[in-house]
Amino acid sequence: MSLKDVIHDIEGYRDITSEIAVLKKYGYDYSAQRGRLDVILDMLHPKKLRLRVSEIIDEAQTTKTLRLVPATGYLPPFQAGQYISLVVEIGGVVTSRDYSISSSPCQIAYYDVTVRRVGDGFVSEYLLEETKVGDEFTSSSPAGNFYYNPLIHGRDLVFIAGGSGITPFMSMIREVTARGLDRRIHLFYGSQSPDDVIFGQEIEDLSRRHPNFTWTSVISVPPQGYQGRTGFISAGLMKDVLGDFSGRMFYLCGPEAMYTFCQKELAGLGVPGRRIRIEMYGPPKNVTACQGWPAHIGADATVTVGIKGGKTITVRTTEPLMNSLERNGIVIPSLCRSGECSLCRTKLLKGKVFQPEGVKLRKSDRQFGYIHPCMAYPISDIEILLT
Amino acid sequence: MPEYDVVVIGAGNGGLTGALTLAKAGRKVLLLERHNVPGGCATSFVRGRFEFEVALHQLSGMGSAERPGPLRAILNDLGVMDKLEFVEMENLYRVVWPDTFDITLRAERNAIVETLQDRFPKEKDNIPRFFDLVYGFSMEMVQGLFFKDPNISKEKYPLFFKYAFTPTRKVLDEYFSDPLLKAVLSIYWSYAGVPPTWLSFGDFAIMLFAYIEFKPYHLKGGSQALSNALLDEFINNGGEVRFNCGAKKITTSGGRVTGVVTEYGDMVQTGYVLSNASMLQTYLDLMDPDQVPKETLDAFRSTSIGPSAFSIYMGFDCEPEELGIQETTNFITTTTDMDQTFARWKTMEQQGVALLTCYDVSDPDFSPPGTCQAAFVSLQYGDPWHLVPPHQYYDAKYRYAEGMMELAERVFPGIRGRVEEMEIATPMTHLRYLGHLGGAIYGHDQYTKDTQYFMANRSPVQGLYFAGAWAMQGGFQPTLTSGRSSAKGILKSMAKK
């Protein structure tokens, strides 16, 4: 004998079975929900976007904005400051790069991404020189954690931008001014020369029309006779412009060197870490200069990467593993390419990799030998498990 | 075409224990997971200096090494205990009603009785009587049901037969008159997602009993450590796993499972599928209408999609004491009316009950030195979020979170001033990551009619098995257990052939 033989003896049993009988008769027919989950998801977080370049806008020297409209479906909303990961295929190599959306989140007819040529920019070169109106791209949905949080950030915001690091701020400034939001913004915008300033005219116009938005352009290599602020965005300069620092929230986006400099300056001014938000910036320009890099491994050293059950490839120690894999036609999932999002999480079976400080591994992922290939540099022959 | 003995769809708690059980039994198993990391709800994410625990608040059923609970026994069998370090919580919970009432219960029967008698002197005699009932009932349930007594009868187990299906509220009303005491005693109802008015006393009593007897636990590295340990052992036992790769279709022939098609269109041959995807979604989206008998879908008519959650994850730049947080588990309430609280879960109104869990109180290593983290959660259904237009989603999310923070600040004034990292998850977030309609975190609603006693968990499709919240009930212990049981069912079926 088991419970099912005597279950009717449990008090209330018959009431429940008749309840079920009634519900089965009149209850909701779930077959109507077939396929509904994807429909709901696509409204907010589609897995992938298919985008078409509708317009290419010259912004400043070596800088263009690609206006991207949906090639299929429609664009999901985003928070000003977020990026998309744009997939490109160049010379047979499939790779991706993140671009902050520079357009306002108040409209989602299109996303603007603003691209500046960088030194050895494999991808930026392609986007600036090869891309034409009508070209299509695949991208991720908007992602990233560099945005305003009304619950904790307060009303007084200071944006510190360097070069093309202006792009997420442009989206935020456009939103705050267009929606008339109750926030005060001061933008420090560092550029090498006055010609490098992106969105200069629009920023100036917005600051004239909106008393809650002001800005300071700071030129590091000024031409002769330049009248404005020059040098770096230093503690002295910020103090001079802002006066009082209390209650302000600082946001940094720009090149590596600017982070190192400005973070020190802000710390010197007594700004607590929780009041500073920093946008990630991809792999370091020169990994051998990172703290903890094994000194005996030179910049041109190579090692082998064995993929369990697959091929073995030879790679440079100073290139992120993900890039080396892509170069060899092995595309693994990627999103942030900065060691944060863990989408590329991969198990290291043998050997050693160097992961710079700031790679955001879960404690137990570290314990069980997982790495983030977008910011992992093989420093011995290794074997990985691609799952 | 690759061939496997079993394909497990989803690496949530049930999928993981199921896959591991099968791999350990020497079966060739493929585990498919849409996400990039194992665990489902049992996961974590990193922001800044913090690794946030997503879902685990208090692990039930562990017990100590000397007095192991059922879950510890399972994890022992699965061979993952030596990879994990569990942390026992001393206290059951604190219930605090801002400016009104505040009580903390230790995870110990006599201490609870004394504390409650002290605070509710008018109910002095009723309190121990109530605990006699909870314990008496639970002992009968363990002996009669869990140990499958072949001579189970109404006469032998009178408490079980009287109370198993009785609404918890009816029992509370029978024993007590003070609404506050009833609210304090039954606050775990929110772990089940059904208010005392409808929660069966069977579900409630065994939960309270288990937490007191086996103590609430957490573990170093959070629930992700458990998921990672289970997966690691699965790989060590020859299991194959594919991340970022969901299942698209289950193929059948003549009412029998024949294979699985992945989201990339790869065909995999198998005679058995253990689906850790939602049971409803498995039938609706992984199978075509002609593969599923009409009665099977009709059976869902008596069920309803359960609650999701609204969660705020916070990393603070100070220790818990500085924030006034002294307990790991803090239920904040502003009412004793749990029916009304439950009704609000279906709206965008501010919640009446929420839970703030600060893991660092029991485990100071949980967050980096000099910091701590808290998960602040209220259950909420997905429905009201479907009415929010996409372009207003973020505003709605922050507005709702603002209400939650105001509630938190009534108990812990000034905490938001120390937040260094914050992430907010709405029911839509849970819907996205879990792939469940309504963002349901516990499967369907667990009314008495939906409990194990009334559910046909055998699929009419031969070779199709289920694990996870939708197959049994929500929560860590039940889902971990369900994967193990279903895997055993598969092994038994294989042995018959």
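**Exercise 1. Which residues of H1(B) are buried?**

Solution. The structure is a predicted model, in which local features need pLDDT of at least 70, side-chain atom pairs count only at pLDDT 80 or more, and totals for chains, interfaces and linings use all residues. Residues are numbered from 1 along each chain as its sequence is written, while chains are lettered from A and ligands numbered from 1 in the order in which they are written.

Step 1. Fix the terms. A residue is buried if 20 or more other C-beta atoms lie within 10 Å of its own, exposed if 12 or fewer, and partly exposed in between, with C-beta atoms placed from the backbone. Helices (H or I, at least four residues) and strands (E, at least two) are DSSP runs, numbered from the N terminus.

Step 2. Apply them. The buried residues of H1(B) are B:Asn13, B:Gly14, B:Gly15, B:Leu16, B:Thr17, B:Gly18, B:Ala19, B:Leu20, B:Thr21, B:Leu22 and B:Ala23. The helix is thus mostly covered, with 11 of its 12 residues buried.

Step 3. Identify the cover. Two residues are in contact if their C-beta atoms, placed from the backbone, lie within 7 Å. The buried residues of H1(B) pack against strands S1 (3-9), S2 (29-32) and S12 (267-275) and helices H2 (70-77), H10 (222-236) and H17 (476-496) of chain B.

Step 4. Check the length. The expected span of a helix is 1.5 Å times one less than its number of residues. For the 12 residues of helix H1 (residues 13-24) of chain B this gives 16 Å, and the end C-alpha atoms are 17 Å apart, which agrees. B:Gly26, which follows H1(B), has a positive phi near 90°.

**Exercise 2. Describe the domains of chain B and the contact between domain 1 and domain 3.**

Solution.

Step 1. The domain bounds come from an automatic or database domain assignment. For chain B it gives domain 1 (3-84 + 221-303 + 446-496), domain 2 (108-213) and domain 3 (307-434).

Step 2. Between domain 1 of chain B and domain 3 of chain B, the C-alpha centres lie 28 Å apart. The contact takes 11 residues from domain 1 of chain B and 16 residues from domain 3 of chain B.

Step 3. On the domain 1 side, strand S4 (residues 50-53) of chain B gives the most, with 3 residues. For the classes, Ala, Val, Leu, Ile, Met, Phe, Trp, Tyr, Cys and Pro count as nonpolar, Asp, Glu, Lys and Arg as charged, and the others, Gly among them, as polar. That side has 3 nonpolar, 5 polar and 3 charged residues.

**Exercise 3. Characterise the side of chain B that touches chain A, and the surroundings of H16(B).**

Solution.

Step 1. In the contact between the chains, 59 residues of chain B meet 54 residues of chain A. Helix H15 (residues 393-411) of chain B gives the most to the chain B side, with 6 residues. By class, this side has 28 nonpolar, 15 polar and 16 charged residues.

Step 2. In helix H16 (residues 427-434) of chain B, 6 of the 8 residues are buried: B:Pro427, B:Met428, B:Thr429, B:His430, B:Leu431 and B:Leu434. Their cover includes helix H3 (36-44) of chain A, together with strand S13 (308-316), strand S16 (372-380), helix H14 (383-386) and strand S17 (419-425) of chain B. Just after H16(B), B:Gly435 takes a positive phi of about 70°.

**Exercise 4. Trace two open sheets of chain A and their edges.**

Solution.

Step 1. Two strands pair if DSSP finds at least two bridges between them. One open sheet has 6 strands in the order S10-S9-S8-S7-S11-S12 (chain A), with parallel pairing. Its edge strands are S10 (229-230) and S12 (276-278) of chain A, each paired on one side only.

Step 2. Within this sheet, 7 bridges join strand S7 (residues 156-162) of chain A to strand S8 (residues 184-191) of chain A. A:Val158 stands opposite A:His186 in S8(A).

Step 3. An open sheet of 5 strands has the order S14-S13-S19-S15-S17 (chain A) and mixed pairing. Strand S14 (312-316) and strand S17 (370-371) of chain A each have a single partner strand, so one side of each is left without a neighbour in the sheet.

Step 4. Strand S13 (residues 302-307) of chain A runs parallel to strand S19 (residues 382-385) of chain A, joined by 3 bridges. A:Ile307 has A:Ile384 as its bridge partner in S19(A).
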